[in-house]
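Okay, thanks for coming, everyone. I'd like to walk you through one structure this morning, so let me get it up on the screen.

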Amino acid sequence: MAIQDKALQGKVALVTGASQGIGKAIAIALGKRGAKVIVNFLPDANGSTREADARAVAAEVDAAGGQGAVAGFDVSNSASVNEGIKAIPQLDILVNNAGVAINGMLMRFTDEQWLKTLNINLNGAFFTTRAAASLLLKAKDAGRIINISSVVGESGNGGQAAYAASKAGILGLTMSAAKELASRGVTVNAVAPGFIDTSMTQEHLPEAAKAKLLESIPLKKIGKAEDIGDAVAFLAGPEAAYITGQVIRVNGGLLM
Ligand code: NAP
């Protein structure tokens, strides 16, 4: 089936952690296809910087041809997630994107670092999926869940035990939810990005490590957040109706 412009008109999508980076690109890509997109942000203790970023993303969704809205909640806190989802009357597409990368060798990794990584990356996807499931079951055509994993969830990575474990966990959650929700027409897939240029990779990787990583990518370039946005917009659309329980690797060939 050919890619249909505006195929998501009338659909409502929620993208977690969408005030910047890959989440922002996903929100805009869904907006380009005509969706109403709820841009989730992490409310911070001292006010509104993330909310302002999220509102700017919502405006970009409008400009792309969709309809933007914002919702602040912390995915790692189930009460906050439940409260946030309760305010949403219709939901067709859920994208579990919010994540953090806390890196360090495992012998020195603290309980706090481990728990924070798992709480945001894995528990967050579970809490949000659980809270959104009843809305997705009511979606008119078929509800869609798209979880953002990572290449390291399949390959592992030294210095990223917690991050890789959380992203491997996302794959188990994806396949289990796909099996559980298939009879109700909801598809559940994962996108596993490789090395994508966002603040996550800019902040955590020294230049020398970046150059070495680039060498190992067959396409010899770093991915853009839009590459992930396009893959998610495809999985959210009618062209992907018969795809469920799959992992779509968007990594320039880094892992085949
Ligand atoms: P990013 O720019 O750091 O974006 C992560 C987003 O998640 C931020 O908007 C962040 O909000 C939000 N977030 C963090 N904790 C949250 C919470 N508790 N509740 C709600 N939102 C929260 O990183 P990115 O590169 O775009 O990453 C997006 C996703 O792609 C992540 O799941 C990441 O693991 C995955 N990924 C990235 C790469 C890569 O190469 N960049 C590769 C593979 C997978 P704040 O800005 O307020 O912290």
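Let's start with a pocket, the second largest one, where α6 gives the most to the lining, with five residues. Keep in mind throughout that this is a predicted model. Both α4, which runs 111-137, and α6 supply at least two residues each to that lining. If you want to find the spot yourselves, look for F126, T129, R130 and A133, and then for L173, S176, A177, E180 and L181. As for volume, the second largest pocket comes to about 180 Å³. Its lining is made up of five nonpolar residues, two polar ones and two charged ones.

Now, what about closed-off space? Rolling a probe the size of a water molecule over the atoms shows where empty space is left. Here the structure holds one cavity of 30 Å³ or more. The largest cavity has about 60 Å³ of space in it. And which residues lie nearest its centre? Those are N96, N97, A98, N121 and A125, out of 13 that line the cavity. The elements giving two or more residues to this lining are α4 and α6, so you'll recognise both helices from the pocket we just had, where each of them also supplies at least two residues. In the cavity, though, the largest share comes from α4, with five residues, whereas in the second largest pocket α6 gives the most. By class, the cavity lining splits into six nonpolar, six polar and one charged.

Okay, on to the ligand. There are 28 residues around the ligand, and the ones that come nearest are Q20, R50, N97, Y163 and T198. You've met N97 already, among the residues nearest the centre of the largest cavity. So which polar contacts should you look at? Take Y163: an N or O atom in its side chain sits 2.5 Å from an oxygen atom of the ligand. With S199, again through an N or O atom of the side chain, the distance to a ligand oxygen is 3.2 Å. G17 uses a polar backbone atom instead, 3.4 Å from an oxygen atom of the ligand. And how much of the ligand is covered? On its own the ligand has 890 Å² of accessible area, and the protein covers 93% of that.

Which helices build the shell? α1 (21-32), α6 (161-181) and α7 (199-204) each supply at least two residues. α7 gives the most, with three residues. If you sort the shell by class, you get twelve nonpolar, 13 polar and three charged residues.

Last topic, salt bridges. Side chains of opposite charge can pair when their charged atoms come close. A search of the whole structure turns up eight salt bridges. One I'd like you to zoom in on is E239 with R33, where the closest N and O atoms are 2.7 Å apart. This pair links distant parts of the chain, 206 residues apart: E239 is in the loop between α9 (225-236) and β7 (247-250), and R33 is in the loop between α1 and β2 (36-41).

That's what I had, so over to you.

Notes
Residues are numbered from 1 along each chain as its sequence is written. This is a predicted model: local features need pLDDT of at least 70, side-chain atom pairs count only at pLDDT 80 or more; totals for chains, interfaces and linings use all residues. Side-chain values use heavy atoms; hydrogens and water are left out. A residue is near a molecule or strand if one of its heavy atoms lies within 4 Å of it. A polar contact is a pair of N or O atoms within 3.5 Å; within protein, one must be able to donate a hydrogen and the other to accept it, and residues adjacent in sequence count only if both atoms are side-chain atoms. Accessible areas come from the Shrake-Rupley method with a 1.4 Å probe; for residues, only the protein chains shown count as cover. Helices (H or I, at least four residues) and strands (E, at least two) are DSSP runs, numbered from the N terminus. Ala, Val, Leu, Ile, Met, Phe, Trp, Tyr, Cys and Pro count as nonpolar, Asp, Glu, Lys and Arg as charged, and the others, Gly among them, as polar. On a 1 Å grid over the protein atoms alone, a cavity is a set of points where a 1.4 Å probe fits but cannot get out, and a pocket is an open set with protein on both sides within 12 Å along at least five of seven lines; lining residues have an atom within 4 Å of a point. Grid points are joined across faces, edges and corners, and a volume is the space filled by probe spheres set on the points. A salt bridge is a side-chain nitrogen of Lys or Arg within 4 Å of a carboxyl oxygen of Asp or Glu.
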